[in-house]
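Trainee: I have a new model to look at, and I would like to learn how to read it feature by feature. Could we go through it together?

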Amino acid sequence: MHSVRKHTRRLNPALLGLVLTVAALAASACYPDNPQSTFGTAGPVAKLQADLFKFIFWIAVAVFVIVEAAVIIFSLKFRAKRGEGLPEQTHGNTKLELTWTIIPALILVAIAIPTIKGIYETAEPPSGSKDVLEIQAIGHQWWFEFRYPDSEVITANELHVPTGRPVVVKLRSQDVIHSFWIPKLAGKVDMVPTRENHLWFQADEAGVYFGQCAEFCGISHAKMRFRVIAEEPEKYAAWIKGMRTPPDAPAGTAAEGRTLFAGNCSTCHTSDSYRDGAYAAEITQQDNRFAAWLANPDPEGPTASRIVSAPNLTNFGERITFAAGLRDLTRDSLVEWIRDPSSIKQGTHMQAHAAVYQETDDNTAKLTDVEIGEIADYLLSLKPGEGAVVETPDAGGATGAEKGRQLAAANGCTACHSTGDNTVVGPGWKGIYEIAATRRPGLSADAYIKESIKTPAAFLVPGFGPIMPPFAGLSDKDITDIIEYMKTLK
Ligand code: HEC
Ligand code: HEC
Ligand SMILES: [Cu+2]
């Protein structure tokens with residue numbers, strides 16, 4: 001007993017070493033060159049936040065040193081001495097109490113002033129800044145979607161921004177609460193379903209910055225990352241132009257891959273947002289899916305159906321990473337992902353919902369190695385081609401049946417409906433106009449088709465479930481064009 005007590009009283013050098021090592025390791029995360037360190041700031045917003053942190057930190061250090069020093073000095077100086085009785089008992093000291101109330105109040109005021117100023121300065125770019133770029137970021141389990149409304153570009157997980165230009169990011173979520181954070185540039189601000197938050201930042205220097213979801217959002221929360229690619233304005237403009245340029249037709253294995261992709265992957269993934277009208281169509285489709293879920297929440301989450309929101313893969317071959325910043329984009333890593341997404345990221349909605357992973361023993365893709373390689377080759381071939389840029393936006397052009405055909409493709413109708421009489425997900429559209437006239441007594445073919453599009457649940461074709469999302473965003477004119485197109489499908 002005696003020896004044990006003696007032992008614990010001495011400082012154990014091994015333990016001290018361990019504590020110091022762990023502390024040093026933890027502190028090394030603050031090293032400014034670390035990709036997620038908030039100290040190596042690369043723009044005005046992050047700098048403001050870091051400066052405020054340092055200001056408060058040094059005040060806290062001063063308070064700590066003064067208080068601890070007083071505690072030590074007083075306990076040494078006034079400690080009980082042998083033979084002394086109780087010290088003199090006093091109660092209250094107005095002067096002292098006023099002092100230690102006023103000093104902390106002054107310290108809090110000193111902290112509050114720059115903090116409140118900072119809240120305003122991080123909310124909006126300085127007034128008078130011109131040429132502010134607006135981007136929309138949407139959180140999904142477990143990836144980030146980025147939309148550029150001015151250029152009608154949609155992409156995922158890699159946010160391209162021009163250097164030296166303020167960027168306002170509108171933040172939303174289509175499932176749970178996420179948080180948007182780019183340690184070296186700005187953050188964090190929550191992405192909350194059904195409401196819009198925003199933040200702004202500016203990248204002063206070109207570079208690749210790490211982003212991370214900073215609000216626990218499910219099993220793969222830690223694997224929900226992204227990259228900010230800040231580049232000189234000319235390079236940024238070239239990237240936007242590239243995103244509006246279709247790739248050249250794939251050849252060889254990539255051409256085989258395109259067919260496999262269309263059959264297995266394109267129900268969820270869009271890969272052609274350069275097409276006229278594709279930007280609006282993709283957003284309408286997603287918003288409808290989310291609105292339908294909000295109106296009638298499924299306990300399994302907004303992704304209970306077979307079609308879930310998925311990253312837009314337009315010109316995917318240009319990306320440097322994928323799977324929400326988890327892997328560098330290489331053929332090998334892509335093959336690994338397609339074969340078994342959970343080997344890279346657990347719980348993806350891709351593996352949980354895509355037909356190609358269902359009903360196998362280990363949930364790996366029902367595709368041969370050759371087929372998986374072909375799909376990877378196709379995805380890697382998606383780069384801006386030699387063809388012309390598709391100018392944004394073009395409302396004119398096609399009318400009537402041709403416009404209807406384009407609308408059906410752009411809105412994803414053709415992902416579920418074939419033009420033959422076979423079932424893909426919904427009934428085939430062969431002879432649909434004649435069939436429509438007979439479906440609901442009292443409803444004309446036109447009225448029935450309109451109802452089917454706006455409120456599909458009002459009547460279910462026998463043998464089918466309530467899978468079709470409502471397309472509330474289509475105008476009467478659009479529906480007339482779709483009906484014109486349906487009349488041609490005899
Ligand atoms: C049921 C809908 C669905 C289907 C079908 C589907 N995916 Fe996905 N895919 C997703 C979702 C959701 C994600 C995002 C996963 C994550 O990061 O959590 C994703 C992510 C990806 C990514 C990474 C994208 C990025 O921006 O980093 C690639 C590449 C990909 N899928 C390829 C495919 C291929 C190839 C197929 C066909 C074999 C396929 N997907 C089928 C839903 C789907
Ligand atoms: C997610 C798959 C899916 C998508 C996308 C989809 N539909 Fe459907 N559609 C269905 C299913 C399933 C049915 C049958 C059940 C029902 O009546 O709702 C159906 C039924 C219909 C019907 C009635 C068919 C009949 O034989 O009576 C019409 C018309 C229709 N869809 C039009 C469209 C149009 C136009 C679009 C695009 C704007 C579209 N659908 C998009 C799945 C889909
Ligand atoms: Cu998240």
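Mentor: Let us start with how the chain is connected through space. Two residues are in contact if their C-beta atoms, placed from the backbone, lie within 7 Å, and in this chain residues 24 or more positions apart account for 70% of the contacts with a separation of 6 or more. This is a predicted model, in which local features need pLDDT of at least 70 and side-chain atom pairs count only at pLDDT 80 or more, while totals for chains, interfaces and linings use all residues. Residues are numbered from 1 along each chain as its sequence is written, with chains lettered from A and ligands numbered from 1 in the order in which they are written.

Trainee: How many helices and strands are in the chain?

Mentor: Helices (H or I, at least four residues) and strands (E, at least two) are DSSP runs, numbered from the N terminus, and the chain has 15 helices and 12 strands. The radius of gyration, taken over C-alpha atoms, can be set against the globule rule, which is 2.2 Å times the number of residues to the power 0.38. Here the radius is 30 Å, well over the 23 Å that the rule gives for 490 residues, so the chain is more spread out than a compact globule. Along the principal axes, the C-alpha atoms fill a box of roughly 110 × 60 × 50 Å.

Trainee: Into which domains is the chain divided?

Mentor: Domain bounds come from an automatic or database domain assignment, and they give domain 1 (30–74 + 96–123), domain 2 (131–395) and domain 3 (400–487). The centres of domain 1 and domain 3, taken over C-alpha atoms, are separated by 61 Å.

Trainee: How should I read burial, and where does the largest nonpolar core lie?

Mentor: A residue is buried if 20 or more other C-beta atoms lie within 10 Å of its own, exposed if 12 or fewer, and partly exposed in between; buried residues make up 32% of the 490 residues here. In soluble globular proteins, nonpolar side chains tend to be buried together. A nonpolar core is a set of buried Ala, Val, Leu, Ile, Met, Phe, Trp, Tyr and Cys residues joined through C-beta atoms within 7 Å. The largest has 56 residues, and those with the most contacts inside it are L185, F201, V228 and L379. Helix α10 (residues 369–381) gives the largest share of this core, 5 residues. Domain 1 and domain 2 both give residues to this core, so it lies between them. Leaving out residues up to four places away in sequence, V228 touches L159, V161, I182, L185, A203, Y209 and G211. A second, separate core of 22 residues includes V153, L407, A436 and Y485.

Trainee: Which residues come nearest to ligand 1?

Mentor: A residue is near a molecule if its C-beta atom, placed from the backbone, lies within 6 Å of it. Around ligand 1 there are 28 residues, of which C265, C268, P311, M350 and A354 come nearest. Two or more residues of this shell come from each of α6 (253–264), α8 (331–339), α9 (349–353) and α10, and α9 gives the most, with 3 residues. For the classes, Ala, Val, Leu, Ile, Met, Phe, Trp, Tyr, Cys and Pro count as nonpolar, Asp, Glu, Lys and Arg as charged, and the others, Gly among them, as polar; the shell has 19 nonpolar, 8 polar and 1 charged residues.

Trainee: What surrounds ligand 2?

Mentor: Ligand 2 is surrounded by 25 residues, the closest being C413, C416, G426, F464 and M468. At least two residues of this shell come from each of α12 (413–416), α13 (432–439) and α14 (445–454), and the shell divides into 19 nonpolar, 5 polar and 1 charged.

Trainee: Which residues of helix α11 are buried?

Mentor: In α11 (residues 400–410), G404, R405, Q406, L407, A408 and A410 are buried, and what covers the buried residues of α11 includes α7 (278–295), α12 and α15 (476–487).

Trainee: Is N157 buried or exposed?

Mentor: N157 lies in the loop between β3 (153–156) and β4 (158–162), and N157 counts as buried because 22 C-beta neighbours lie inside 10 Å. The phi of N157 is near 65°, a positive value in a residue other than glycine.
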